Amino acid sequence: MILAKVLVHLLALTPAAILAWQIRAEVLTGSGGLGADPIAEVEHRLGLWALRLLMIALAVTPLRQLSGQAVLLRFRRMLGLYAFFYASLHLTAYLALDLKGYWTQIFEEIAKRPYITVGFLAWLLLIPLAVTSTQGMMRRLGRRWGQLHQLVYAIAVLAVLHFWWLVKSDIRKPLLYATILAALLGWRVWRKVAEARTRRRAAAH
């Protein structure tokens, strides 16, 4: 289990490490492989990995239900925290590189650009989930912990919407993530309906 967790940590940190190396090369030599608009590439890649890790975290429950491997649940919080990590880096890159330190402009941007509004809201909603991700907070909150962490579904919808509105012409990638999210949420709805039917049949007998 320790080895598996170390592997997940390494895999989750690899995109950040590669990007950091490319940024270093871009600064030193001007050829870090970040394309014609390095700032946009950095922001896009960080946001994309936040979305990917969020989708993977949401996929853990269906995978556990299909495989019967309860051990998979031990990686869900870790993946969720890495999604928050990349989302925070995404926001930081936007503030530092795009707004160039004029952080007060973020409120103007939120007000006039819908894709920034939903993206910022998704990040804000991730904060309480990250803060309450410890075992101690799970015990302290009890049933409310599960209710609070259902916010992840709204966050995922906002994140996909942020990506969709950000892309102005080619919507194939946002559509892919929207389809994945629809499948993950659809699975949960189907399971709840199936479980409710099973309970009704058991009560009838």
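**A chain of helices and its charged pairs**

Asp 170 counts as partly exposed, at a relative accessibility of 37% (partly exposed lies between buried, under 20% relative accessible area, and exposed, over 50%, with a 1.4 Å probe and protein chains only). Its partner Arg 172 counts as exposed, at 64% relative accessibility. The two residues form a salt bridge in which the closest N and O atoms are 2.7 Å apart; a salt bridge here is a side-chain nitrogen of Lys or Arg within 4 Å of a carboxyl oxygen of Asp or Glu.

The model is predicted, so local features require pLDDT of at least 70 and side-chain atom pairs count only at pLDDT 80 or more, whereas totals for chains, interfaces and linings use all residues. Residues are numbered from 1 along each chain as its sequence is written, and side-chain values use heavy atoms, with hydrogens and water left out.

The chain contains nine helices and zero strands, where helices (H or I, at least four residues) and strands (E, at least two) are DSSP runs numbered from the N terminus. The C-alpha trace spans about 70 × 45 × 35 Å along its principal axes. Of the 205 residues, 35% count as buried. Among contacts with a separation of 6 or more, 63% are made by residues 24 or more positions apart; contact means heavy atoms within 4.5 Å. The accessible surface comes to about 12800 Å², and carbon and sulfur atoms hold 67% of that area (Shrake-Rupley method with a 1.4 Å probe).

The interior can be followed through its nonpolar cores, sets of buried Ala, Val, Leu, Ile, Met, Phe, Trp, Tyr and Cys residues joined through side-chain atoms within 4.5 Å. The largest of these has 41 residues, of which Leu 51, Leu 54, Met 55, Leu 79 and Tyr 177 touch the most other members. Two or more residues each come from helix 1 (2-29), helix 2 (38-67), helix 3 (76-98), helix 5 (114-131), helix 8 (151-166) and helix 9 (172-204). Helix 2 gives the most, with 12 residues. Not counting residues up to four places away in sequence, Met 55 touches Ala 156, Val 160, Tyr 177, Ile 180, Leu 181 and Leu 184. Apart from the largest core lies another, of nine residues, including Leu 91, Tyr 94, Ile 110 and Tyr 115.

Helix 2 also holds Arg 45, a buried residue with a relative accessible area of 18%. Leaving aside neighbours within four places in sequence, Arg 45 is in contact with Ile 18, Leu 19, Gln 22, Gly 33 and Leu 34.

The remaining topic is charge. Side chains of opposite charge can pair when their charged atoms come close. The structure holds five salt bridges. In helix 9, Arg 191 and Glu 195 lie four residues apart, about one turn of the helix, and their side chains meet in a salt bridge of 3.6 Å, N to O. Both are partly exposed: Arg 191 has a relative accessible area of 26%, and Glu 195 stands at 35% relative accessibility. Elsewhere, salt bridges that share partners join Glu 109, Lys 112 and Arg 113 into one network. Within this network, Lys 112 and Glu 109 meet in a salt bridge of 3.7 Å, N to O. Lys 112 and Glu 109 both belong to helix 4 (residues 105-112), where three residues, about one turn of the helix, set them apart. Their exposure contrasts: Lys 112 is exposed, with a relative accessible area of 53%, whereas Glu 109 is buried at 10%.
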